Amino acid sequence: SKCTSTSTTVLQMTSFSEEQLEKIPPRRIVQLGMQYFKQGDIDASIELFDNAEKLDSSLRPYLWQRGISYYYANRFREGSDQFRYDVKVNPLDVEEIVWDIACQMGKTDSE
């Protein structure tokens with residue numbers, strides 16, 4: 001599995017304090033989440049995506065990257081929920097539909 005499991009939070013692993021993270025534009029936090037994902041730190045990427053949504057809830061339907069992170073973290077139900085939410089605002093996005101199906105298959109295998 002590419003997912004790294006650590007009990008350390010993103011705030012402890014980065015040079016950002018919670019106050020500093022709140023001052024970073026949410027879209028930049030999404031970019032940081034993508035960087036952590038690419039580096040194989042799936043848990044940190046999810047935490048960053050969650051922080052971005054906390055700062056700007058209008059980002060939720062566009063956080064497809066978090067859905068992919070959920071998939072690699074074996075958090076299939078959450079991944080499926082993310083992709084289904086995304087598809088509500090963009091019903092023609094075939095890629096997100098395929099990721100939702102992959103999450104559904106993962107739920108079947110793990111439950």
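The legends below accompany an overview and four close-up views of a predicted model.

**Figure 1. Overview of the predicted chain and its helices.** The chain contains 7 helices and 0 strands, so that reading along the sequence gives the pattern α-α-α-α-α-α-α. Of the 111 residues in the chain, 39% are buried, and the accessible surface comes to about 6700 Å², with 51% of that surface belonging to carbon and sulfur atoms. Among the contacts with a separation of 6 or more, 51% are accounted for by residues 24 or more positions apart.

**Figure 2. Close-up of the crossing between helix 4 and helix 5.** Helix 4, which spans residues 42-55, and helix 5, which spans residues 64-72, have axes that come within 9 Å and cross at roughly 145°, and the crossing in which helix 4 passes helix 5 is left-handed. On the side of helix 4 the contact is made by Ile 42, Ser 45, Ile 46, Phe 49, Asp 50 and Glu 53, while helix 5 contributes Gln 65, Arg 66, Ser 69, Tyr 70 and Tyr 72. Sorted by class, the residues of this contact are 5 nonpolar, 3 polar and 3 charged.

**Figure 3. Close-up of Gln 82 in helix 6.** Gln 82 belongs to the helix formed by residues 76-89, and it counts as buried because its relative accessibility is 3%, against a limit of under 20% for that class. When residues up to four places away in sequence are not counted, Gln 82 touches Arg 60, Leu 63, Trp 64, Arg 66, Gly 67 and Tyr 70. Two of these neighbours, Arg 66 and Tyr 70, also appear among the helix 5 residues that make the contact with helix 4.

**Figure 4. Close-up of Asn 74 in the loop between helix 5 and helix 6.** Most residues other than glycine have a negative phi. Asn 74, although it is not a glycine, has a positive phi of about 60°. Asn 74 counts as exposed, because its relative accessibility of 51% is over the 50% that this class requires.

**Figure 5. Close-up of Val 98 in helix 7 and its separation from Phe 83.** Val 98 is found in the helix that covers residues 94-110, and with a relative accessibility of 48% it counts as partly exposed, since this value lies between the 20% and 50% cut-offs. The C-alpha atom of Val 98 is separated by 9.1 Å from the C-alpha atom of Phe 83, a residue 15 residues apart from Val 98 along the chain.

Key
Residues are numbered from 1 along each chain as its sequence is written. This is a predicted model: local features need pLDDT of at least 70, side-chain atom pairs count only at pLDDT 80 or more; totals for chains, interfaces and linings use all residues. Side-chain values use heavy atoms; hydrogens and water are left out. Axes are lines fitted to C-alpha atoms, for helices over the stretch in contact, and angles run from 0 to 180 degrees between N-to-C directions. Helices (H or I, at least four residues) and strands (E, at least two) are DSSP runs, numbered from the N terminus. A crossing is left-handed if the near helix is turned anticlockwise from the far one by less than a right angle, and right-handed if clockwise. Contact means heavy atoms within 4.5 Å. Ala, Val, Leu, Ile, Met, Phe, Trp, Tyr, Cys and Pro count as nonpolar, Asp, Glu, Lys and Arg as charged, and the others, Gly among them, as polar. Buried means under 20% relative accessible area, exposed over 50%, partly exposed in between (1.4 Å probe, protein chains only). Accessible areas come from the Shrake-Rupley method with a 1.4 Å probe; for residues, only the protein chains shown count as cover.
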